[in-house]
Amino acid sequence: MIRHIAILFRAHLRDERRAGEVTLVIVPFGMVALLVVPMAIGIDTPLLDRIGPGLFWVVLLLFGTLVSQRQSASLSESRRDTLTLLGVDPAARFAAAAMAGTVLLTLFAVVAGTVTFMLYDPEIANPAWLGAILPLTCAGLAMVGTIATAVTSGPGARSSLAPLLVVPVSVPLLLAAAQATEGLRASAGILRWLLLLCVVDVILALAGVLTARPLEES
Amino acid sequence: MIKPLDVAAGLMLATALVLGLVVPPDAVQGDLQRMMYVHVPSAWLAYLSFATTLVAGIAYLRTRRMRWDHIAGASGEVGVVFTGLALVTGSIWGKPVWGVWWTWDARLVLTAVMFFVYLGYLALRRSFDDPEVRARRASVYGIVAVAQIPLVHFSVVWWRGLHQPATVLRPGDPQIDGPLLAALLAAVFAFTVVFAALVSRRAEVNRLEDLIAAPSAGEPVAGSGVAVPPIVGGGR
Amino acid sequence: MSDWAWVTLAFGIVYGTLITYTAVLVRRSRALRRSAGLK
């Protein structure tokens, strides 16, 4: 099982390296979004400092749906059938897709976060904590995205539907990540929000593994 | 075809309407408080329909009977209607009392999030032609979405600070007068029966839609040599 | 707007929606029953 996950995980990343969809399309798109917001609301430095972190999380949430929906994430019918015939557990496929999604989203978050620091200059007391908040948030978003992509894939399904499925369900992730960042700014406790992120991740992991088989049949 | 459940729902709804309009006004909010008799039952049904969708979704995955999927879909649609009504009546109540259409109250935000989760659920159901695929995908999304609802609740409550505790469900310390409470309970009961009647009717529509979309007996499905076998009992 | 006007608006929206929704469902199920060849 673990070997299957590792092989599939590497295959996902290899597909992305070849296609470059996240690095060459989605990351620049997210950066443009961060660049145009001050053009719309005005160049008020204290205001930008205030809204920067929140805006970063919104961009991560919205553009994260694109990362989960990248073409290299969806397996062709024949490839899926081959994996089923080879006896690969659907749960392993979910785990590999979610892990690859987490890595790519974290990559997106690191680039977008750097751009946010440069353009908005927010003050954060203990940036080292972001090392825990970012991967936990990205893992949650990747799992929701993987489930939504699986649910909306296949003939007749509308892939444009996935973001509508992802965003409302990701509210706890957005709130926890944004409030933890706020806590860092105000030097307040963030443990409660980190705990919430962990609980959300565990529940999503369970949901993804348990529902992998019924989704496989279709 | 009018069923006894429809008649009961209609009568109870009429009684709840009359009671809601004739009971004495609230001591603090006056007549405005009458909006409680439509707002609270709508909000209650929003939660009930979510729970029904979840239970029916799980039941479908376990039994693979399409009947459960028809109920889940019906409950999802009726849920959107009542969640929407809860939001609209809450807004209409908020304007004269607080002076604003919307406030970032934890319960309001949760209801709004639920509304969009439901809309996604319905949009997902509409995007598949094959009833079996639709049932499986919708059940999975329903389960994942409902598993997130308590977390949405906690995150929003922590975010906004604690909402005032519910005034009715506190035994021994009733915050609301007898006749007013009776009118509220009558409305909640009537709306619940209406919910049952609507879900039953909508599930029937789902069943008929699947029946019409399915190839009928004797129709060739793979060349003229292979035809759909007749189904005893009128389909799924 | 008076208190009663707000109450009428809220009740009107809720009861109006429920009646319209019920009417739509009844018409739809009748039409479907006809096309399915049921009574």
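**Reasoning about a predicted three-chain model**

Modeller: In this predicted model, 25 residues of chain B are in contact with 21 residues of chain C. Three helices of chain B, namely H2 (36-63), H3 (66-98) and H6 (178-213), each supply at least two residues of the side that touches chain C, and the largest share, ten residues, comes from H6(B).

Colleague: What makes up the side of chain B that touches chain C, by class of residue?

Modeller: That side of chain B has 16 nonpolar residues, together with three polar and six charged ones.

Colleague: How many residues of chain B are in contact with chain A, and which element gives the most to that side?

Modeller: On that side, 27 residues of chain B are in contact with 28 residues of chain A. The elements of chain B that give two or more residues there are helix H4 (106-126) and helix H5 (131-160), and H5(B) gives the most, with 17 residues. By class, the side of chain B that touches chain A divides into 20 nonpolar, four polar and three charged residues.

Colleague: What is chain B built from, and what share of its residues is buried?

Modeller: Chain B has six helices and two strands, which follow one another from the N terminus as α-α-α-α-α-α-β-β. Of its 236 residues, 44% are buried. Among contacts in chain B between residues at least 6 apart in sequence, 72% join residues at least 24 apart.

Colleague: And what is found in chain C?

Modeller: Chain C has one helix and zero strands, and its C-alpha trace spans about 50 × 10 × 5 Å along its principal axes. Of the 39 residues of chain C, 13% count as buried.

Colleague: Why is A:Ala178 called buried or exposed, whichever applies?

Modeller: A:Ala178 has 21 C-beta neighbours inside 10 Å, and the cut-off for a buried residue is 20 or more, so A:Ala178 counts as buried. A:Ala178 sits in helix H8 (residues 171-185) of chain A and, leaving aside neighbours within four places in sequence, is in contact with A:Pro53, A:Gly54 and A:Trp57. The C-alpha atoms of A:Ala178 and A:Val58 are separated by 9.0 Å, although these two residues are 120 residues apart along the chain.

Colleague: How do you know whether A:Asp121 is buried or exposed?

Modeller: A:Asp121 has 12 other C-beta atoms within 10 Å, and 12 or fewer is the condition for an exposed residue, so A:Asp121 is exposed. A:Asp121 lies in the loop between H5 and H6 of chain A, and its phi is near 50 degrees, a positive value in a residue other than glycine. Most residues other than glycine have a negative phi.

Colleague: What makes the class of B:Arg64 what it is?

Modeller: B:Arg64 has 14 C-beta neighbours inside 10 Å, a value between the limits of 12 or fewer for exposed and 20 or more for buried, so B:Arg64 counts as partly exposed. B:Arg64 is found in the loop between H2 and H3 of chain B, and phi of B:Arg64 is positive, near 60 degrees.

Colleague: Why are H5(A) and H6(A) described as they are, in terms of how they lie to each other?

Modeller: Helix H5 (residues 90-120) and helix H6 (residues 130-152) of chain A pack at an angle of about 130 degrees, with their axes 8 Å apart. That angle falls neither in the range of 65 to 115 degrees for roughly perpendicular nor over 145 for roughly antiparallel, and therefore H5(A) and H6(A) are oblique to each other. Their crossing is right-handed, and their contact has twelve nonpolar residues, five polar residues and no charged ones.

Colleague: At what angle do H3(B) and H4(B) pack?

Modeller: H3(B) and H4(B) pack at about 150 degrees, with their axes 9 Å apart, and since angles over 145 count as roughly antiparallel, that is the class to which this pair belongs. The crossing of H3(B) and H4(B) is left-handed, and the residues of their contact divide into eleven nonpolar, seven polar and two charged.

Colleague: Which residues touch the most other members of the largest nonpolar core?

Modeller: Of the 135 residues in that core, they are A:Phe108, A:Val151, A:Leu165, B:Tyr141 and B:Val194, while H6(B) gives the most to this core, with 16 residues. Not counting residues up to four places away in sequence, A:Leu165 touches residues of chain A, including A:Ala148 and A:Val151, as well as B:Gly120, B:Leu124 and B:Tyr141.

Technical notes. Residues numbered from 1 in each chain as written. Chains lettered and ligands numbered in written order. Predicted model: local features only at pLDDT ≥ 70, side-chain atom pairs only at ≥ 80, totals over all residues. Contact = placed C-beta atoms within 7 Å. Helix = DSSP H or I, 4+ residues; strand = E, 2+ residues; numbered from the N terminus. Nonpolar A, V, L, I, M, F, W, Y, C, P; charged D, E, K, R; others polar. Axes fitted to C-alpha atoms, helices over the stretch in contact; angles between N-to-C directions. Left-handed = near helix turned anticlockwise from the far one by under 90°. Parallel < 35°, antiparallel > 145°, perpendicular 65-115°, else oblique. Core = buried A, V, L, I, M, F, W, Y, C linked by C-beta atoms within 7 Å.
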